[in-house]
Amino acid sequence: GVVRHLRQVDADAAGVDTAFRADVRAGLSQAQKAIPARWLYDATGSALFEDITALPEYYPTRSETDLLKRHAAAMAAAIGPGRAVVELGSGSATKTPLLLDAIAPAAYVPVDLSGTMLRDSAADLAARFPGLPVYPVEADFTQRVLLPREIAALPKLGFFPGSTIGNMVAASAVDLLRNWRAALGDGSRLLIGIDRIKDRATLTAAYDDPAGVTAAFNRNLLERINRELEGDIAIENFLHRAVWNDAQARIEMHLVAACDMAFTVDGQRYRMAKGETIHSENSHKYGPRDASLLLRAGGWTPLATWDDADPAFALILAEA
Ligand code: AVI
């Protein structure tokens, strides 16, 4: 297929550096220290996340891939041909061929922040689907994204796999759904991956694997802080913790101080007592009614659900 790359990020490294500095300074100054999860994904973090998706304990990727394989025909019938598929946070886009194979799309528009991964996966897909126009957009899908003019007249399908919506708190998730409802327009559809609430043991194992890949993914945030923000954090004194917060129906990742300590980041001195944590990620899980309410609040009407019972995971098709 044809590939036309559109860049919309402020690729200015100085802008990214300033934003990271500001988030880390604000986050480490709070009573409960917390750093937004987006900073987990530098080149090392993105590679570690790819490794996570291959872990036996990390069921979401496997479950979602199985659902796409098993129900491709039903999904295709419900979605219909000739749509422009817009994938939010496409990353390495490993599940995308399963969908594109099934639905006979008119164009494919992967949207991702990582320019390198985007270019590679767009080239792969264009080679695999000759004749399919591919318009990669390098942009932050949580911000307003300008879609390529070539797809303006086509009906759209938003594809948001991986249960990435779970990494947002409810208010941000609803904002995102509403923005994409507006961007994709009337008559559009959305196919979204939702991870379900399930037993604590399955959830915590998925986020605290025995091989320590998730721990490395979490600790990489501290490496990134040391490297990019002139930090002297003793990383070996931090433990990875994944806990189920039942009241908020989410897995939380924390970096736990194993002893009393002090460190400097970006010229600022911080102290942490043993047991104190830096909250580094939320991964919200949704029951069937919760997911339906979330989608409706975001301006989408659920049409069909394909789900797996054990471990529970769902792909939901909704209409604008
Ligand atoms: C990207 N996102 C959907 C993953 C999740 O499951 O929330 C990120 C992740 N964090 C730890 N393991 C995986």
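Two strands count as paired when DSSP finds at least two bridges between them. Keep that in mind as you work through this predicted model.

**Exercise 1.** Work out how S8 is joined to strand S9, and which residue of S9 stands opposite Ala242.

*Solution.* Start with the bridges: 8 of them join S8 to S9 (residues 250-257). That clears the cut-off of at least two. Next, check direction: S8 and S9 run antiparallel. Finally, look across from Ala242, and you'll find Met253 in S9.

**Exercise 2.** Put the strands of the open sheet in order and find its edges.

*Solution.* Begin with the order, which is S2-S12-S9-S8, with mixed pairing across the 4 strands. Strand S2 (33-34) and strand S8 (238-245) each have a single partner strand, so one side of each has no neighbour in the sheet. Now add a helix: H8 (residues 200-207) lies across S8, S9 and S12, at about 150° to S8.

**Exercise 3.** Describe the surroundings of the ligand, from the whole shell down to single atoms.

*Solution.* First, count: 14 residues surround the ligand, with Tyr58, Asn167, Tyr207, Glu281 and Ser283 the closest. Sort the shell and you get 7 nonpolar, 6 polar and 1 charged. Helix H2 (43-52), helix H9 (213-228) and strand S12 (277-284) each give at least two of the shell's residues.

Then zoom in on the atoms. A side-chain N or O atom of Glu281 sits 2.6 Å from a ligand nitrogen, and a polar side-chain atom of Asn167 is 2.9 Å from a ligand nitrogen. Ser283 brings a polar side-chain atom to 2.7 Å from a ligand oxygen. As for cover, the ligand alone exposes 340 Å², and the protein buries 97% of that.

Key: Residues numbered from 1 in each chain as written. Predicted model: local features only at pLDDT ≥ 70, side-chain atom pairs only at ≥ 80, totals over all residues. Heavy atoms only, no water. Near = heavy atom within 4 Å. Polar contact = N/O pair within 3.5 Å; in protein donor to acceptor, adjacent residues only side chain to side chain. Areas by Shrake-Rupley, 256 points an atom, 1.4 Å probe, with all protein chains shown as cover. Nonpolar A, V, L, I, M, F, W, Y, C, P; charged D, E, K, R; others polar. Contact = heavy atoms within 4.5 Å. Axes fitted to C-alpha atoms, helices over the stretch in contact; angles between N-to-C directions.
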